[in-house]
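Opening a fresh notebook page for this one. I want to go through burial, cores, strands, cysteines and rings, in short entries.

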Amino acid sequence: ETRSQELNSNHLRESVSLFTDRTLYITGEKIQFAAYLILKSNNSSSNYDDDINDWGNVLKKQSISKILNIELITPDGLKIAECKYHIDNSFSTGCIAIPNEIETGPYYLRAYTKFMRNNGPSSYCYIFLKIINPLKETVLKFDNTNKDTLINQNIIPFSLNKEKYSTREQVVIQFKGINIKDNALRGLNLTVIPESSFIYKGNTTPVDENYKINQNYYPESTGLSLSGELKDSKSEKLLPYYTVNLSILGNCKDFMSVKSDSTGHFFFKIPYLKGIRNIFLCTEAIIDSKSTILIDNDFCQNKVSIPTAAFYLSEMEKKVALNLALNSQIASHFNKIKIADSAEHSNVAFYGEPHITLNLDNYIELPTIEDYIFELIPLLKIKKHKGKKSFLIISDQEEMNIYKPLVLLDMVAIDSPEKILALSPQKISRFEIINTPYLKGDVTYGGIISIFSKKNDFANIDLSSSGVLLDYNFLTECAKDNCFEAPTLNHPDTRNTLLWMPNFVINSKSKIISFTTSDTPGKYIVLLRGITNQGKEFVCKSSFEVQEQMK
């Protein structure tokens, strides 16, 4: 799929251990997850502790991945939803929304890093899910078998203060100790859910994936990344050492620039922004030719097929699913969550405060852009050589005569001065000038000429003819909707997951945890799941019953 990054990954490999709050969901709900990233040696005879000792010096110099890809897929690999989350200290937590329109059936949540794509989809982590759409009769059908198991291990014993509770009554969990060395624990996750809403399936591995190990991906050790290759449109040859510009459109006001490497490939480090945003990529002009920019997919596109049993709900699962669906329907009426706009609203561009600002509305109207430059910006000159025009910022610094200035229109690099000079001045708001050399990425510019249109519409320049415009998935934002907190007395308590505490730590302050039951009677389970430093998962469980209050 791509060869735009090179890395010798013969020694190190990553794996993910993934936990969810439940495995039975209703369409429209959010799947809560916790993920632990494990770095191991490719030497199959070594264990995790040995790897840390053997590679301790390497780990001090090289960070592991900081970005986790999460996807909801069908057993035949059809992608339903996808998102990205930041990995902090080898841990990531968040949620992924289940689309309302999908069919009832078996699904999988899978997690992987870009570095793991070197080993193909069989190296990813998969969790089996049952998802119910109460408004659709159709069901995804598959005919394979898989065993469902949930083995209780007494690694971290705990007890409840009672076996039976009323609705909206406080439950107290007391942890009695840890039957394992504290430093051998990698992480714990505590969840309280309806009985029969969780199934553990181990060792889920895709098959029939026509995968060839011919890919090389860097780990995203410093954050989000975007890579690709630059080709000559005529000869199809890769173009080395050409400038590739990337602009994040909208209110972010960010721009970056890199050179393609000796093989014609390029690599951008992307800032930690959230949501889906427009990105525009373009290159410098190429004499007697035109470049083609090819972008690597940031999510895996390999086809997979996962052995999956025919969809089936036990009588207990049907009862629980009905309660989940009723609670979801009631919650949709009462819990109108307004998601705050997290978009950055900075009015300062990446270069900071400009040295010179020219607001065109402050002056009498002139017929052309060139007239405004000649009359009002004396340090900006227009040169003509062999019939072609170019910009020069006058300065006493010698570098300004060596490097070309960076010309931006609404934060997008424009390589042709003729396009700028042909703009209608009535569509332009202002000019901002940086009259000193400016280093951006690995490219040095002889200053910056930044032009802003009045409507932020690039003054009707056709960007598609000079570059690539795409929607890019930045980090996903999981809305803080307080879905695990008990509501006020005058609102129904429709929680399907009563408690979800990812990366839970047991210490003197957390040996006792309490929560409140909801309005839904029935049997519930408390699951404390975790992972050891050897990468082994375990589960400790208990159960209780919620009875309807006597009137």
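**Entry 1: ground rule.** I call a residue buried when its relative accessible area is under 20%, exposed when over 50%, and partly exposed in between. Worth keeping in mind throughout: this is a predicted model.

With that cut-off I looked up Tyr-36, and it counts as buried because its relative accessibility is 1%. Phe-19 sits at 2%, so I noted that residue as buried too.

**Entry 2: the ring pair those two make.** I took the ring geometry next. The centres of the Phe-19 and Tyr-36 rings are 6.0 Å apart and the planes meet at 85°, so I logged the pair as edge-to-face. Phe-19 belongs to strand S1 (residues 12–20) and Tyr-36 to strand S3 (residues 30–41), with their positions 17 residues apart in sequence, so the pair links distant parts of the chain.

I then checked Tyr-472 with Phe-474. Their ring centres are 4.8 Å apart with planes at 80°, so this pair is edge-to-face as well. Tyr-472 is buried at 3% relative accessible area, and Phe-474 is buried at 1%.

For the tally, I get 16 aromatic pairs in the structure. I also wrote down one aromatic cluster, made of Tyr-165, Phe-515, Tyr-524 and Phe-544.

**Entry 3: whole-chain numbers.** I stepped back to the chain totals. There are 551 residues, of which 50% count as buried. I count six helices and 32 strands. The exposed surface is about 27500 Å², with carbon and sulfur atoms supplying 49% of it. Among contacts with a separation of 6 or more, 76% come from residues 24 or more positions apart.

**Entry 4: cores.** Background for myself: in soluble globular proteins, nonpolar side chains tend to be buried together. Which residues have the most contacts inside the largest nonpolar core? That core has 45 residues, and my list for it reads Phe-350, Tyr-351, Leu-408, Leu-409, Ile-428, Phe-431 and Ile-449. Apart from it I found another core of 41 residues, including Ile-96, Tyr-107, Leu-109 and Leu-129.

I picked Tyr-351 for a closer look at its contacts. Leaving out residues up to four places away in sequence, Tyr-351 touches Leu-408, Met-411, Glu-432, Ile-434, Tyr-438, Ile-448, Ser-450 and Phe-452.

**Entry 5: strands around S17.** Is strand S17 (residues 276–283) largely enclosed or open? I find six of its eight residues buried, so S17 is largely enclosed by the rest of the structure.

Then I followed its pairing. S17 pairs with strand S14 (residues 243–248) in the antiparallel sense, over five bridges. In that pairing I see Val-244 opposite Thr-283 of S17. S17 also pairs with S28 in the antiparallel sense, over seven bridges. Leu-281 has Val-468 in S28 as its bridge partner.

That sent me to Val-468, which is found in strand S28 (residues 467–473). At 23% relative accessibility, Val-468 goes down as partly exposed. Beyond its neighbours within four places in sequence, Val-468 is in contact with Ile-279, Phe-280, Leu-281 and Ile-293. I also took the C-alpha distance from Val-468 to Leu-246: 9.5 Å in space, for residues 222 apart in sequence.

**Entry 6: cysteines.** A reminder first: a disulfide is a covalent bond between the sulfur atoms of two cysteines. How many disulfides does the structure have, going by sulfur atoms within 2.5 Å? I get one. The link joins Cys-95 to Cys-478, with 1.9 Å from S to S. The angle about the S-S bond is 120°, and the link of Cys-95 and Cys-478 is right-handed.

Cys-95 lies in strand S6 (residues 91–97) and Cys-478 in the loop between S28 and strand S29 (499–504), so the pair ties together parts 383 residues apart in sequence. I find both Cys-95 and Cys-478 buried.

Why is Cys-83 not bonded to Cys-95? The sulfur of Cys-83 has its closest cysteine sulfur in Cys-95, and because the gap is 7.6 Å, that is too far for a bond. Cys-83 is buried, at 4% relative accessibility. Last lookup on this page: Cys-282 is buried too, at 4%.

How values were computed. Residues numbered from 1 in each chain as written. Predicted model: local features only at pLDDT ≥ 70, side-chain atom pairs only at ≥ 80, totals over all residues. Heavy atoms only, no water. Core = buried A, V, L, I, M, F, W, Y, C linked by side-chain atoms within 4.5 Å. Buried < 20%, exposed > 50% of the residue type's maximum accessible area, 1.4 Å probe, protein only. Contact = heavy atoms within 4.5 Å. Helix = DSSP H or I, 4+ residues; strand = E, 2+ residues; numbered from the N terminus. Pairing = 2+ DSSP bridges. Disulfide = S-S within 2.5 Å. Areas by Shrake-Rupley, 256 points an atom, 1.4 Å probe, with all protein chains shown as cover. Phe/Tyr/Trp six-rings, centres within 6.5 Å; stacked < 30°, edge-to-face > 60°.
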